[in-house]
2 protein chains.
Amino acid sequence: MAGKIGLNVTQICLPRECTEDEIIEEVLKLNEDPRVHGVYLHLPPASLTSRVLNTLRPEKDMSGVGPLTAALRMQNVVQSSSRWAQGQQYRPWTLRSLKLQPLSPVPSDIEISRAQTPKPVDQLAQEIGLLQEETEAYGRTKAKVRLSLLDRLREQPDGKYVLVAGITPTPLGEGKSTVVIGLVQALSAHLKLNSFACLRQPSQGPTFGVKGGAAGGGYAQVIPMEEFNLHLTGDIHAITAANNLVAAAIDARMLHEATQKDKALYSRLVPSVNGVRRFSPIQIARLRRLGISEIDPSALMPQEVSSFVRLDLDPAKVTWQRVVDTNDRFLRKITVGQASTEKGHVRETQFDIAVASEIMAILALADGLGDMKTRLGRMVVGSSRSGQPVTAEDLGVSGALAVLMKDAIKPTLMQTLEGSPVFVHAGPFANIAHGNSSVLADKLALKLVGEDGFVVTEAGFGADIGMEKFFNIKCRASGLRPNVVVLVATVRALKMHGGGPNVLLNAVPCHHWARGGRGSVELAQAVKQAGSQPSHFQFLYSQETPIVEKIRMIAQKVYGADDIELSPEAQAKIDYYNQQGYGKLPICMAKTHLSLSHLPEKKGTPTGFTLPIRDIRASIGAGFIYPLVGTMSTMPGLPTRPCFYDIDLDPVTEEITGLF
Amino acid sequence: MAGKIGLNVTQICLPRECTEDEIIEEVLKLNEDPRVHGVYLHLPPASLTSRVLNTLRPEKDMSGVGPLTAALRMQNVVQSSSRWAQGQQYRPWTLRSLKLQPLSPVPSDIEISRAQTPKPVDQLAQEIGLLQEETEAYGRTKAKVRLSLLDRLREQPDGKYVLVAGITPTPLGEGKSTVVIGLVQALSAHLKLNSFACLRQPSQGPTFGVKGGAAGGGYAQVIPMEEFNLHLTGDIHAITAANNLVAAAIDARMLHEATQKDKALYSRLVPSVNGVRRFSPIQIARLRRLGISEIDPSALMPQEVSSFVRLDLDPAKVTWQRVVDTNDRFLRKITVGQASTEKGHVRETQFDIAVASEIMAILALADGLGDMKTRLGRMVVGSSRSGQPVTAEDLGVSGALAVLMKDAIKPTLMQTLEGSPVFVHAGPFANIAHGNSSVLADKLALKLVGEDGFVVTEAGFGADIGMEKFFNIKCRASGLRPNVVVLVATVRALKMHGGGPNVLLNAVPCHHWARGGRGSVELAQAVKQAGSQPSHFQFLYSQETPIVEKIRMIAQKVYGADDIELSPEAQAKIDYYNQQGYGKLPICMAKTHLSLSHLPEKKGTPTGFTLPIRDIRASIGAGFIYPLVGTMSTMPGLPTRPCFYDIDLDPVTEEITGLF
C-alpha cells in the first residue's frame, strides 16, 4: 500500500592526505558497483586532477552538483528507458486541478488572475506527459515545447478537435477565448478528461491602446494574465525582427544596385576570401532559379553576372512593409530615405502592426522547421521592373530569417485558472491573414491529449471569416479535420460554411465567466457527446478551382452575395498570379467582420448585394491569395485616453494594475 | 567515507472500494509520521474529494507530481531553513569547470561554441549560491536572476571589481570582451577563485550586418554564442516596445490636442465610469507638477483644465525618436503622418538603432525597479511651445513602460566555454550614451563572488570614452569603485582618466583566444595581486561644477585639448539646462572613438587642438548631458553583402552556421 522512492548517490570525501592513486582506486571501485548510481567528488581542488576526473564514468559523475540535479539525472535515466513505452501508450493524465472559489460580484481580471497561484510549469508539463527534455521553461509559468514531441508520439492517435467560433462578442467580454477556456476548464477539471486549449498570442499594441488583456475573462482565464498579454516568450518580437530585416535588406539592396556597376556589385556579393571566391548556399539557390548551373564565380558570363547581381526591384512595386507591435497611426503612410546618405532614393511606404506580417501567417501555418524555412524563403517582397517576383531568398536573407524564428516555432505552454494546459501560439491578423492560432500547437495538443481527449481551438472574428478560413486555409494546410464546432452566438448561415462537422449551437447555458469550469460543465458534456458522433467534413472549394470561381463560391455560399464584381486592378492581378503559377492557392478574404456583406452597417443576413473586389494581393510564403473587399487598416491607432493611463507597476510588490 | 542521500516519499494506493473515511484515517496517520516526508495521493479521481485533499498537510502533498518535483520540494524545505545561514556566509564555490581541448588552427567561433556542451543553467546557478527561487530559466542555457538577491546578500562584502578597457581592438578579434572572458576563465577554472564576467548584450542589428557575433572569440567565449547574439531573454525587444510606445503616444497626443477643444479632451482624458470621474495616479502626478492640488475632476478651473489637458508639444522640438534593432539606413530621416487619417499632421523624424534608446541607458544605470520607474517617468521627450520640458509621465505612459520593462531589469546568467558564470545585461550605445553594461549585474555579481572573489566588467570603445564614462557616470550612479583596471592596449594618457585605481598594463602575455583560460593564467595572477593593493579612486570632476567647466575638464585632462569651443546652439542649451535645473548632471561626451581628438585621422596623442562642441542634448531619465562633438550616426546600415548571406539554419539538426 505504500512504496518508497530512493536515489542511491554516493559521495567520495577523502582526507586531504590521500594520494591521487588512492582516489583513483576508490573511483574505479565505484565505477563498477551497480548499486551506486552516482558519485560526488567532494575533494579539495588540488585533488581534482584531470586523471581523477577522467577516471570517473561520466554517467556517474555528480561532482559539483547538488542533490536536486542528481535526482534530475537519475530521472533522465529512468525516463529514457521508459520513453518508448510512454510514446506508445495512452493514459489519462493525473492533472492536479487548481481550486476556484468564485466571488460575487466578479472582481477584475487581473485581480482574479493574481489571486490564483499557478502550478510550476514543469509540474504541469510532467502531468500532461511531456518529457523533461521536451520543454524549455521561460520563467516559472511559461515553457516552450519542442517539436520533437511529434516524432515521439507519431503513433499516438489524435484527440477530438473542437473549434470555437462566433459571430458577435457578448457584453462583459465573454467572447470566444473565454468560452474556449471555460470549456477546457470544465472538460479537464470537472469531467476529468484530457483536454487542451489552443489560443492566439495577442498583439501588444491593443493591450496598451483600447483593448486591455486578451487572456479570457472572469473565472475563465489563462494565468498569469500579464505574462500572456505582454512579451510572452518573445515570438512577436522575433517576427518583428525578421520582418524588419527583410525590409532593411530591400531598401539597402535597391540603393546598392542603383549606385554600383555590375562588376563592383559582383565583387562585393561574391568576395575573395583568402584568395578564394565562392557562392554561399543561399546564392546558389538563386543561381538555380535563374537557370544558371555554373557554381564557379569566375566562370559566369557577363549577362549571367548581371542577372545574378541585379534583383532590379521596382521601388513602386515593393509590397513588403515594415512592422511594429505598437498602435502607431503616424506610421500608416511615411516617406523613407530622406537622409543625405541615401542619395535621394526616397520612397513612400508604411508600417503595419506586427501581427499583420506575412511571417506571422507563416508561423501559424508551418508544419515544422523545414517547412517554415521554405515558406520564409519564398515570400514575395515585390517585383522587378520586368515583372518577375523577387523573394526573400533572392535577397539572401532566408537563412537569417529561419535563425531569427527558430524558437518562435515552438508553442508556449501555459495554464488556465483551474490548472488545465493551454498552448499560446501565433496570432495572425484576422482580416488580411487567416486569424487562427498555429497548426503546430493544435497538432502537439492533439497528440498529448490522446484518443479520448479534447483540443479546443479558436477562430478569430465571425464564422464568415475566422471559421471559413479555419476550414479552407488552416485545415487544408494541416490535414486536420474538426470533430465539433461550438458557436458562441447563433447564426443562420452556419451550414453554408464549408462542410459538415457536428454543429453544436450554444443554447447550452454557460456561466464560466462568473463560475469558471463548473459553469461550463453542461457545454462540456454536450461537446463530449458531439465528439463521439461521426464527422463529415469537406472543403468549400477545391484548390484546382480557378481563383475567380473560388472567390465567387465564398461570396455566394458563405456571405450570401448575388455575385462578385472585380475591379480592373483585381482582374489584372488574377491574370498575373495565374501566369506566375499561384492559381491553386486558397483564398483569404479581407473583408469587414461587422457584416456578412462588405457593408458594416448591413446587419443580420443581408441579401441582394454584389461583393466588390477592389484589389487582390498574395502571401506566397504563407500560401494564400487575399482579395481586398474595401479598405483594410493594418495599423490601429491610440485613442485620446489610451488604457496605458491605468497600467502601473508597484516597484516593491512587483504587482501590475490596470490590465483588464 | 561514503554517504547516502535519500528522499522518503510515500504513496497512498488504496483499492477502489475504500471509503472516504478510511482514506482520511490513512492520511491522518501519514500526516503525523515524521519519517514520511511526502505523500502521493495515487487514487481514482472519485476518491480525491475535497475532504481528502484538505486533510493532507500541504507540505506533505505530492499528489500529481513526479519524483523530480518531490525532490524539488524537499530541496525547498532544506533550502529555506538554511537560507539565513547562506546569506551571511562566504564560501568558495564548488564550480564544475568544463574541460577545454583547444585545437590548432583555432576553428570558427560557432564551431568552438557548438563543440562544448554548456552546464544546465540551473546547475550553474546552484553552484554559485543562487537559491532556486532567485532564478527564472529561459530555456536550458540562460536564466534571469531576480533582484531580491541583493536583499538576501545585503551583509555580504563585495568582491574585487575589475574593469577591462582598451584603446584599439587587435587583429583576429581579441578585443576587450575576449579578454574579459579569458580572464574570468583563468580566475575561476584555473586559479579556482570565485569570479564573474559582466558583459553588454549586443545589438542584433550588426549581427546580421557586418559584425557577426559579439560573444568573445576563439577559446574565450560565452556559450551558446548564438543565444548570446540573438534574442537572449528579450531585453532589447522590451526596450524597443517601450521606446516605440512613447513615440506613438507623442504623435497621437499632438493630433488629439490639435483636433479637439479643451472640454472634449478633458472629458475623454478623465471619463465618467459608472457615473464617477476620477484621475488616475499617473494623472495626479501630472497635476502635482502643474501645482494643482485639487483631485476632484469637477472642481478644476477652466485654466487648470487647459493646462492639464494640453501638453502643447512643439512638433519641431520633439526629441524622442522611434527605434528598431535592425541596421535600417532608410529610417535615418523619414516623414510620418502622411495618411489621410492623420489630417496633414506630417512631421520629419528618424529611427535610431534600439540600443541608442534612452531606455537602454536607463536600464544600464538603474539601481532597482523603483529607480528605473522613476527614471522612465522623468525622461524628457520634447518641449512645449512655451519651452517647458514634457516628460513620459506627462504622456501618462510611465506605468506602462515600467510594466514592459519589469523582466528586462533582471540580468541574464550564462556561462563561458569553461563553465564560469557570466552576466549579460544592457548594452547602451557607446557614443551618445555611456556604453557600459549594467550597474545591477555588477552589483549582483559582486555579492555572489563574495569578499575574495572577482567581478570583471567591460567598458565600451577606448579608454577616453568607455573608461572615462565608466568612472564618471557609471561608478557615480552605482556607488561602486573599481579595484583593478586591465588595459588591453597600452595608452600614455591613462593617468589622466579620472582617478587612481591600480592600473595594470597588459604587458602580461595572453593566449586566451587560442588556449582559453589556461592562456590567461598569468594575467589572472597579476589581477589577483593588483586586487590586494589599496585603491585610491576619485572622480575627474564634481557634479557641482558648472556644465561648461565639466566639458572643459574632460576635453583638457582626458583628450589633451587646449580648450573647447561652444557653438551658439550649445551655449543656448547650456543656459536652458541650467534654468531647468539639469546643471548637476554628469557629462557623456559624444565623440569619435578613433582619435583622442574630434578628428578621426589624428592618431596617437594629438596636441594643440580645440574641441568644438556642436550641440548639447540631455537624457534626463538616464541622468546625463551629452555634448555632440561632430556628427554621430545612431543608425548603422547594411553593406552590399551583409553577413546574413552566410547565416543559415539546418532544419533537421537545428544547427546554425555563419555566425562568427
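In this predicted model, the buried residues of helix α14 of chain B pack against elements of that chain that comprise the helices α10 (235–259), α15 (369–377), α17 (439–449) and α18 (463–478), together with the strands β25 (615–619) and β26 (624–628). The points below take up that helix, then the make-up of chain A and one of its sheets, and finally the cysteines.

**Helix α14 of chain B**

- The helix spans residues 358–365 of chain B and is mostly covered, with eight of its eight residues counted as buried.
- The buried residues of α14(B) are E358(B), I359(B), M360(B), A361(B), I362(B), L363(B), A364(B) and L365(B).
- At the start of α14(B), S357(B) places a side-chain oxygen within 3.0 Å of the backbone nitrogen of I359(B).

**Chain A as a whole**

- Chain A contains 22 helices and 28 strands, and of its 660 residues 62% are buried.
- When contacts in chain A are restricted to residues at least 6 apart in sequence, 73% of them join residues at least 24 apart.
- The accessible surface of chain A amounts to about 24,700 Å², and carbon and sulfur atoms account for 53% of that surface.

**A three-stranded sheet in chain A**

- Three strands of chain A form an open sheet in the order β11-β16-β17, and their pairing is antiparallel.
- The edges of this sheet are occupied by β11 (313–318) and β17 (389–391) of chain A, each of which has a single partner strand, so one side of each is left without a neighbour in the sheet.
- Neighbouring strands of the sheet are turned against each other by 50° on average, if direction is ignored.
- Strand β16 of chain A, which covers residues 380–384, runs antiparallel to β17(A) and is joined to that strand by three bridges; S383(A), for instance, has P389(A) in β17(A) as its bridge partner.

**Cysteines**

- Across all chains, a search of the whole structure finds zero disulfides.
- In chain A, the cysteine sulfur closest to that of C588(A) belongs to C475(A) and lies 14 Å away, which is too far for a bond; C588(A) is itself buried, with a relative accessible area of 0%.
- In chain B, the sulfur of C475(B) has its closest cysteine sulfur in C198(B), at 13 Å, and this separation is likewise too far for a bond; C475(B) is also buried, with a relative accessible area of 0%.

Conventions. Residues numbered from 1 in each chain as written. Chains lettered and ligands numbered in written order. Predicted model: local features only at pLDDT ≥ 70, side-chain atom pairs only at ≥ 80, totals over all residues. Heavy atoms only, no water. Buried < 20%, exposed > 50% of the residue type's maximum accessible area, 1.4 Å probe, protein only. Helix = DSSP H or I, 4+ residues; strand = E, 2+ residues; numbered from the N terminus. Contact = heavy atoms within 4.5 Å. Polar contact = N/O pair within 3.5 Å; in protein donor to acceptor, adjacent residues only side chain to side chain. Pairing = 2+ DSSP bridges. Axes fitted to C-alpha atoms, helices over the stretch in contact; angles between N-to-C directions. Areas by Shrake-Rupley, 256 points an atom, 1.4 Å probe, with all protein chains shown as cover. Disulfide = S-S within 2.5 Å.
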